[in-house]
Amino acid sequence: MATVGSAVGLGTIWRFPAEAQGGGGSAFLLIYIACVLVLGIPVMLSEFAIGRGGRSDAVSSFKKLSPGKKWYLVGGLGIVTSFIITMFYMVVAGWTLEYLFESITGNLYDGVSVEGSQMTNGFSTKMQHYIATPWAPLISTFVVIAINIGILLGGVKKGIERMANIAMPMLFVLLLVFMVVSMSLPGATPGISYFLSPDFSKVTPSVFISALGQALFSLSLGMGILITYSSYYPADTNLTKTSFIVSALTLGVAIMMGLIIFPAVTAFGIADHAMAGTTLVFVTLPEVFANLPGGQFWSILFFTLLMLAALTSTVSIAEPSIAFVRDRFGMSRRKSTLIILLPMFFFGAVCSLSFSTLSGITFMGLNIFESLDALTNYILLPIAAIGGCVYVGWFAPRNLMKDQITNHGQLNGRFVPFVTFALRYLAPVAILSIMIAGLC
C-alpha cells in the first residue's frame with residue numbers, strides 16, 4: 001500500500017486526464033499502458049532489485065552492491081531530485097488543503113457566477129488570486145509540512161505504512177464513488193465515448209513522449225523512492241508480483257480519473273474549457289461540482305480524496321532523503337526527519353511566494369516553483385532513471401536481477417531476459433528522448 005501510495009499521487013490524479021485530453025483520449029491511454037508494461041515495470045524492477053539487494057538508502061545500496069565504484073552518484077542524484085520535488089509538492093499539497101477547507105466552509109463558491117463561462121472565469125480568478133496572495137498559501141504549506149513531520153516521525157511501520165493502509169483504501173473508495181456518479185449523469189455518454197474511443201489523428205511523436213513521461217512520473221521512478229521502499233521489503237516479497245500490482249492500480253486510478261472527468265465536463269457542457277494541471281483540479285472540477293445537486297458535499301469529498309493523494313505523495317518523496325541521512329550519519333529516525341523537513345518550512349515558503357512576493361525572480365521566463373518543476377522533470381529525473389537502467393542492465397553484480405526477481409531461485413525467472421533487454425536497450429533510449437524533447 002505504501003508503494004502504491006507513492007505512485008498513485010497528485011501526478012496520476014490530475015495530470016493524466018489533461019494528458020489524455022490532448023492525446024486523443026484512449027489513444028493516449030493505450031500508449032500509456034504500453035509504456036507502463038514495456039518500460040515502466042522493468043525500470044521499477046531495477047529499482048526494487050537495487051533497494052532490496054542493498055538493504056539501505058539509495059546511495060548506500062549502490063555502495064554495497066558495487067563498492068569502490070561511482071555508481072552511488074546515481075542514487076545521490078535520485079535523492080537530490082526527490083528533495084527538490086518535496087519543496088514544491090508541499091506547496092501543491094497546501095493548495096489542496098486550502099481548497100478542502102474552502103469546500104467545508106462553503107467559501108469556495110462565494111462570489112462565483114453560475115452562468116457558463118462567467119463561472120469558469122470566476123473559479124480561475126479565485127485560483128489566481130489565492131496563489132498570488134502571500135499568507136494564505138504559505139500557512140497551508142506550513143500545515144502540510146507539519147502533518148508530514150507527524151507521519152514520518154512515526155517511522156516506516158507506525159508512520160508511513162499506517163497512513164497508507166488507511167489513506168489508500170479510502171482513496172480508491174472515493175474514486176469509485178465519483179466514477180459511478182459521473183457516469184450516471186444525464187449527457188455523460190459523449191464524454192465516456194470520447195475517453196474510450198481512440199482518436200489516432202491526434203497521435204504525434206510528442207504524444208508518445210508525453211505518455212512515456214507520464215508513465216515514469218506516475219510510477220515514481222528515478223526519485224530514489226522505490227529503492228528506499230524496497231529496502232524495507234521482506235526477503236520473500238515477490239518483486240515481479242509487486243511491480244504488476246503497483247502498475248495495475250496506478251493504471252486503474254488513471255482510467256477511473258478519465259471516467260470521472262470526461263463524462264462530467266461533457267454532461268455540463270464545459271468540455272471545451274482548458275484542462276491542464278492546476279486548471280483541471282482547481283477550476284474545472286469546482287465548476288462541475290457547482291452544477292451537481294449537493295455540490296458542496298461532492299467538493300468536500302473530492303478534495304478529501306486529493307488531500308489523501310497529496311499526503312501519500314509528499315510522504316514518499318521525503319522518505320529517500322530521510323533514509324539517507326539516517327543511514328549515512330547513523331542518526332535516529334527523529335533527528336533525520338527533522339533535519340530534512342524543518343528546512344522545508346524555508347524552501348516551501350520560497351516556492352509558495354514565487355507566485356506573489358518573489359514572482360519577480362525568474363529563470364528563462366519561469367518563476368522559482370516552475371523552474372524547479374522543469375529542472376526535476378526534464379533533467380534530473382530522466383538522468384537518474386537512465387543511470388539506474390544502465391547500472392542494472394550492464395554493470396551491477398551479474399546475478400543481481402535474477403536473484404532478486406526469483407528470490408534466489410525460489411520463484412520463476414521467465415521475465416528476467418525481457419527485463420534485462422528492456423533495461424539495456426529500450427528504457428535508456430526512450431527516457432533520453434523525453435529529456436531531449438523536454439529541453440527542446
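**Cavities and a pocket in a predicted model**

About 110 Å³ of space lies in the largest cavity of this predicted model.

Me: Why is that space called a cavity?
Reply: A cavity is a set of points where a 1.4 Å probe fits but cannot get out. The space of about 110 Å³ is listed as the largest cavity, so a probe placed there cannot get out.

Me: What makes Ser6 a lining residue of the largest cavity?
Reply: A lining residue has an atom within 4 Å of a point. Ser6 is one of the 16 residues that line the largest cavity, so Ser6 has such an atom. Ser6, Tyr89, Phe217, Ser220 and Ser313 are the closest to the centre.

Me: Which helices each supply at least two residues of that lining?
Reply: They are H1 (2-7), H2 (10-22), H5 (72-105), H10 (205-218) and H14 (295-329).

Me: How do you know that Asp, Glu, Lys and Arg are absent from the lining of the largest cavity?
Reply: Those four count as charged. The lining has eight nonpolar, eight polar and no charged residues, so none of the four is there.

Me: What makes the second largest pocket a pocket and not a cavity?
Reply: A pocket is an open set, whereas a probe in a cavity cannot get out. The space of about 410 Å³ is the second largest pocket, so that space is open. Among its 17 lining residues, Met1, Ala2, Thr3, Glu161 and Tyr233 are the closest to its centre.

Me: Why does Glu161 count as charged in this lining?
Reply: Glu is in the charged class, so Glu161 belongs there. The lining of this pocket has 11 nonpolar, four polar and two charged residues.

Methods: Residues are numbered from 1 along each chain as its sequence is written. This is a predicted model: local features need pLDDT of at least 70, side-chain atom pairs count only at pLDDT 80 or more; totals for chains, interfaces and linings use all residues. Side-chain values use heavy atoms; hydrogens and water are left out. On a 1 Å grid over the protein atoms alone, a cavity is a set of points where a 1.4 Å probe fits but cannot get out, and a pocket is an open set with protein on both sides within 12 Å along at least five of seven lines; lining residues have an atom within 4 Å of a point. Grid points are joined across faces, edges and corners, and a volume is the space filled by probe spheres set on the points. Helices (H or I, at least four residues) and strands (E, at least two) are DSSP runs, numbered from the N terminus.
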